[in-house]
Every structure is written in structure tokens, then in C-alpha cells.
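I opened my notebook and pulled the structure up on screen. Here is what I looked up, entry by entry.

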Amino acid sequence: MRPPQEPALAAYPNAFLRYFAATRPAFLSVTFVACLIGLATAALDGIALRPAVAFFTVFFALLAHAGINVLNDYYDALNGSDAANSERLFPYTGGSRFIQNDVLDLRAVGVFGYALLAAVVPAGLWLAWVSAGGLVLIGLAGLFVGWAYSAPPLKLMSRGWGEAAIACGWLIVVIGADTAQRGAFSPLPAIAGLSYALHVANLLFINQFPDWRADAVSGKRNWVVRLGPRRARFGYPLILGLANGWLLGATALGALPRTALFALAALAPALAAARSLLAHAAEPRRLASAIRATIAAALLHGVLLAVGLFMARLAA
């Protein structure tokens with residue numbers, strides 16, 4: 001019997017709402033924040049922001065993320081990991097459950113996911129036309145990483161490359177949002193966005209702990225499966241240290257303004273999550289608060305980083 005909070009067909013009599021909910025819209029916030037950072041780096045360099053370009057950049061980045069979420073559900077249904085996942089912490093792990101709970105069928109989810117990604121292509125071409133031709137390559141790189149994350153033959157998440165793919169994907173979002181405004185490539189958004197991208201990667205990492213037994217049964221070989229939860233748990237503070245160490249180093253070297261250090265306030269929820277994971281890595285049911293704290297840390301880090309960059313521009 002499914003937990004009462006999981007989706008059921010009766011809860012979505014409207015087809016539009018059914019498909020919209022299948023994109024897991026609450027989790028799209030991490031892409032919105034990545035776009036904010038990209039807009040902030042452009043503003044920091046004195047670029048006059050173009051509202052229409054910013055709106056469509058954000059909208060279609062969210063659309064791409066939605067498509068990737070849906071395809072991840074599709075491929076996790078094909079490999080059986082979501083069906084086998086009895087220790088999931090919904091809504092954080094174990095997928096959207098739309099396929100497993102018969103809200104949408106497998107084929108409909110696959111078609112929907114690819115349709116969402118296809119819809120991004122003309123938007124990317126338009127943004128490249130009005131801004132920078134290089135956006136085509138940036139957009140294609142982002143779509144490729146998102147697709148390769150779960151789709152065969154690459155299946156990066158199943159081969160221990162999931163965290164790197166996530167960090168790369170969200171760094172591409174920051175770079176793309178900046179480039180759309182700037183009209184050219186700059187290293188600044190890559191420098192500014194990496195600490196946030198690593199926070200998002202840590203969110204994927206902690207989400208694998210409740211799912212590791214189902215992942216192992218279905219043939220996934222992520223690092224939690226490879227090492228086991230007790231050894232893998234030390235990866236969380238390692239990624240967290242890399243994220244904040246990068247931010248501190250970039251600020252100390254003058255690549256980022258001192259106001260970027262506002263983002264260090266996100267260490268409070270992140271360290272709380274780290275303590276919980278280190279204590280309960282092998283107890284999936286006790287990790288919900290740590291996952292929530294990791295989400296909060298990622299979003300807070302990104303928002304405060306963007307605010308710090310915008311404030312540095314205003315103070316210039």
C-alpha cells in the first residue's frame with residue numbers, strides 16, 4: 001500500500017495538472033537560483049540586464065530541468081530502481097512515483113520528458129540569435145549532461161559520475177544565464193557558480209543513502225552503493241568543504257567580491273545535515289531532516305551568493 005502523501009490518479013483529475021506535477025516543480029527552485037547567480041555575475045561586470053532575455057532564459061532553463069526530472073523517472077522505471085525502493089523518503093527520494101502508482105504510464109512519461117527537452121531547442125536558438133551564438137553550445141552541453149545523467153548507454157548516475165554530472169549541469173545553467181545577458185563567454189560565472197553547483201551535487205549525494213539498497217539491486221554503481229553508507233557518509237562533508245573552500249579561495253584571491261561571503265551563512269543547515277548523516281547514514285528513515293537541511297543549504301547558499309554579487313555592483 002502506498003504512503004498517503006504519494007501521488008494517486010484520483011488526486012489529479014485534470015490532465016494538465018497531472019503532467020505538471022510529474023515534473024516535480026518544487027525541485028525546480030535549484031535551477032531558478034542558478035539563473036539568479038548568472039544574472040548577478042553579469043550585473044557585477046556592469047552589464048545592463050535585459051528583462052525579456054532574463055525571463056525566457058529562466059523559463060526555458062526550468063523547462064529543461066523539468067524534462068530531465070521526467071526522463072529520470074522514466075529511466076529509473078526501466079531499470080527497476082524506483083519499483084524496488086521500499087526505503088524511499090518521498091518526496092525527496094525514490095522518484096515522483098507517478099509511474100509506480102499508475103498516475104501516468106511508462107510510455108507517456110518517456111514521450112513527455114523528451115517533448116519537454118525538444119521544446120527547449122527553438123528557445124535556445126532564439127536566445128542565441130538575440131544574444132550570443134555560443135549559447136547554442138552551452139545549451140546543447142546542458143541538455144546532453146541532463147540526458148546522459150540517467151539515459152543509456154552513458155547512465156552517468158549509475159557509474160559513479162552522477163555528482164560530477166549534477167555539478168557540471170548546474171554550473172552550465174549559471175554560465176548560460178550570464179552569457180545570455182553578456183553576449184559573450186566570461187570565466188566569472190564559472191568561478192562564482194561552482195560553490196553552488198557543488199551544493200546541488202551534495203543534494204544528489206545525500207539522496208542516495210535512503211535509496212542505496214534499491215540502487216544496488218537494480219545495478220546502479222554510485223558511490224554510496226560502491227562504498228556502503230557507513231564509508232560513503234564522509235563524502236558529504238568532503239563535498240561541502242570543497243564548495244565553501246572554493247568560495248573562500250576565490251574571494252581571497254579577488255576573483256569574487258567580499259560580499260559573496262554572505263553565502264557562508266548556509267553552512268549552518270549544511271553542517272546540521274552533515275552531523276545527522278554521519279550519525280544515521282545506515283538508517284534511511286532518520287535522514288529526512290538532513291535532506292531538508294541540505295536543500296535549504298543549497299538554496300540559501302545560492303540566493304545569498306547572488307545577493308552578495310548584486311550588492312557589490314550597487315556599492316561600486
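**Entry 1: Pro-13**

I started with Pro-13, which sits in the segment before helix H1 (15-22). This is a predicted model, so I'm reading every value as computed. Is Pro-13 buried or exposed? I looked up its relative accessible area and got 73%. The cut-off for exposed is over 50%, so Pro-13 counts as exposed.

Then I picked a partner far along the chain, Asn-207, which is 194 residues away from Pro-13. The C-alpha atoms of the two are separated by 30 Å.

**Entry 2: the whole protein**

Next I zoomed out. How many helices and strands are there? I found 12 helices and zero strands. Reading from the N terminus, I just wrote α over and over: α-α-α-α-α-α-α-α-α-α-α-α.

I also wanted to know how compact the protein is. Its radius of gyration is 19 Å, and the globule rule gives 20 Å for 316 residues, so the protein is as compact as a globular protein of that length. I noted the span of the C-alpha trace along the principal axes too, about 60 × 45 × 35 Å.

Buried residues make up 55% of the 316. For contacts, I took those between residues at least 6 apart in sequence, and 76% of them join residues at least 24 apart.

**Entry 3: helix H6**

I went for one helix on its own, H6, which covers residues 162-182. H6 has 21 residues, and from its first C-alpha to its last it reaches 30 Å. That is close to the 30 Å expected at 1.5 Å a residue.

How many residues of H6 are buried? I got 19 of the 21, so I jotted down "mostly covered". Just after H6 comes Gly-183, and there I read a positive phi of about 80°.

**Entry 4: H7 against H10**

Last, a pair. Two packed helices are described by the angle between their axes and the distance between the axes, so I looked up both.

Helix H7 (residues 188-217) packs with helix H10 (residues 235-252) at an angle of about 170°, and their axes are 9 Å apart. An angle over 145 degrees counts as roughly antiparallel, so that is what I wrote for H7 and H10.

Which residues make the contact? On the H7 side I listed several, including Ile-191, Leu-194, Leu-198 and Phe-205. From H10, the list includes Tyr-236, Ile-239, Trp-246 and Leu-247. Sorted by class, the contact has 13 nonpolar and five polar residues, with no charged ones.

Technical notes. Residues numbered from 1 in each chain as written. Predicted model: local features only at pLDDT ≥ 70, side-chain atom pairs only at ≥ 80, totals over all residues. Heavy atoms only, no water. Helix = DSSP H or I, 4+ residues; strand = E, 2+ residues; numbered from the N terminus. Expected span 1.5 Å × (residues − 1). Buried < 20%, exposed > 50% of the residue type's maximum accessible area, 1.4 Å probe, protein only. Axes fitted to C-alpha atoms, helices over the stretch in contact; angles between N-to-C directions. Parallel < 35°, antiparallel > 145°, perpendicular 65-115°, else oblique. Contact = heavy atoms within 4.5 Å. Nonpolar A, V, L, I, M, F, W, Y, C, P; charged D, E, K, R; others polar. Rg over C-alpha atoms; globule rule 2.2 N^0.38 Å.
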